[in-house]
Each structure stands twice: as structure tokens, then as C-alpha cells.
Amino acid sequence: MIETERLLLREYTMDDFAALHEIISDPETMKHYPQPYNENGTRRWLTWSLDNYAKYGFGLWAAVRKDTGEFIGDCGLTLQNIDGETLPEIGYHIHKKYWRQGFAKEAAGAVRDWAFQNTAYDTLYSYMNRTNIASYSTARSIGMHRVKEFTDPKGIAHYAYAISREEWRQLKAETK
């Protein structure tokens, strides 16, 4: 679906279960979530992604290394409740053995570009637990800036980052 220099972002299939479960069941990877996912949670994640493709034409996509074919995580566009509003959100989860290698930035930047080229959304968001430095660093690396801090219904503090279509156009013009 989306190709970058090192990655292919494609729709999930149920065959991705084991590779996805390895990532989202890991306590270190999921330390900014309420808890790691069990097998039922991983199945719900996959089913939700497949449902999003059918319903919206987008969702979280499997991130696969082009050179090896290895599934290393996901990245995509979903509709999320961000401080009481349903907003288009770029989300990303990368296997910890690939952290700090630029894969999240590469995938998130490609999803940002895809979303502005293929949807009518004027602003895209990413939100994360306030303690998730890696996640908000990725958001900043693709041109997003913090637009709010909020506490969710469970009492967890979050940041929301965003980039507008106009900011994206300016960013693309600057990088030419």
C-alpha cells in the first residue's frame, strides 16, 4: 500500500498475529499502555484494523522491512478519541529491536503524506502518554507540534501533537 525507502506498509492479515503479538505483549514495548496485550487483545487489535480498512479505507498497517520481509511493527491512520473528540491519528508501534533506527519516523512520515494526499482531513494528530518521550519525539520528527495536554478518564496525562495541511505543505516545500 505505502512504500518508503526501507519499509512496505500493507494491510494486516490474520497471519500477522504471532509477529504482532510478540510486540504488543511485551511489557517494555507497552509500558506506556495500561498493560501489555494478551492473545485475545491481539486478536481484537487485528480485527479492529481489518474493520477499519472496510469502514474507512485506512487503519494501522503492518510495517515490513523491504530488504528482509520481516514484520517489524505497524503504523497507520485511525480515528481516535483524543480528549473527547474523534480525530484522525497517526499511530506507530515498532518492535524494540528496531528502536532508534528511524523506522517509526520513516513510517509515520509516509502515513502523514498518504493521509494528506488521500483524505480530506485538514489536521492530523498523534497522542501519547506524557511519559512516552520516544513517541512524541517521533511526532515532532514528522513536523507535528504539541497542541494540548489532557488527562484521560482513567487519570493518565497525555500530550496531543498535530500538523495541519498547510504546515505539511510548507514542510514539503522546505525539503525540496
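A polar contact is a pair of N or O atoms within 3.5 Å. The side chain of Thr-119 makes such a contact in this predicted model: it reaches the backbone oxygen of Ala-115 at 2.6 Å.

**The surroundings of Thr-119**

Thr-119 sits in the loop between helix H3 (103–118) and strand S6 (123–129). Is this residue buried or exposed? Buried means under 20% relative accessible area, and Thr-119 has a relative accessible area of 16%, so it counts as buried. A polar atom of its side chain also lies 3.4 Å from the backbone nitrogen of Tyr-121. The two distances are listed below.

| Side chain of | Partner atom | Distance |
|---|---|---|
| Thr-119 | backbone oxygen of Ala-115 | 2.6 Å |
| Thr-119 | backbone nitrogen of Tyr-121 | 3.4 Å |

Leaving aside residues up to four places away in sequence, Thr-119 touches Phe-58, Leu-77, Trp-114 and Arg-165.

**Strands S4 and S5**

Strand S4 (residues 71–82) and strand S5 run antiparallel and are joined by 10 bridges. Within this pair, Asp-74 stands opposite His-93 in S5. The two strands form a hairpin with 2 residues between them. Asp-83, in the turn, has a positive phi of about 55 degrees. Strand S5 (residues 85–94) is mostly covered, with 8 of its 10 residues buried.

**Helix H1**

Which residues of helix H1 (residues 17–24) are buried? They are Phe-17, Leu-20, His-21, Ile-23 and Ile-24. Seen down the axis of H1, these buried residues fall within an arc of 160 degrees, so they line one face of the helix. Their cover includes helix H2 (39–56) and strand S4. Strand S4 therefore appears twice in this account: as cover for the buried residues of H1, and as the antiparallel partner of S5.

**The whole protein**

The protein contains 5 helices and 8 strands. Along the sequence they follow the pattern β-β-α-α-β-β-β-α-β-α-β-β-α. The radius of gyration is 15 Å, close to the 16 Å that the globule rule gives for 176 residues, so the protein is as compact as a globular protein of that length. Its C-alpha atoms fill a box of roughly 40 × 40 × 35 Å along the principal axes.

Of the 176 residues, 49% are buried. The protein exposes about 9,200 Å², and carbon and sulfur atoms supply 47% of that area. Among contacts between residues at least 6 apart in sequence, 56% join residues at least 24 apart.

Key
Residues are numbered from 1 along each chain as its sequence is written. This is a predicted model: local features need pLDDT of at least 70, side-chain atom pairs count only at pLDDT 80 or more; totals for chains, interfaces and linings use all residues. Side-chain values use heavy atoms; hydrogens and water are left out. Buried means under 20% relative accessible area, exposed over 50%, partly exposed in between (1.4 Å probe, protein chains only). Helices (H or I, at least four residues) and strands (E, at least two) are DSSP runs, numbered from the N terminus. Two strands pair if DSSP finds at least two bridges between them. The arc is that of the directions from the helix axis to the C-beta atoms. Contact means heavy atoms within 4.5 Å. The radius of gyration is taken over C-alpha atoms; the globule rule is 2.2 Å times the number of residues to the power 0.38. Accessible areas come from the Shrake-Rupley method with a 1.4 Å probe; for residues, only the protein chains shown count as cover. A polar contact is a pair of N or O atoms within 3.5 Å; within protein, one must be able to donate a hydrogen and the other to accept it, and residues adjacent in sequence count only if both atoms are side-chain atoms.
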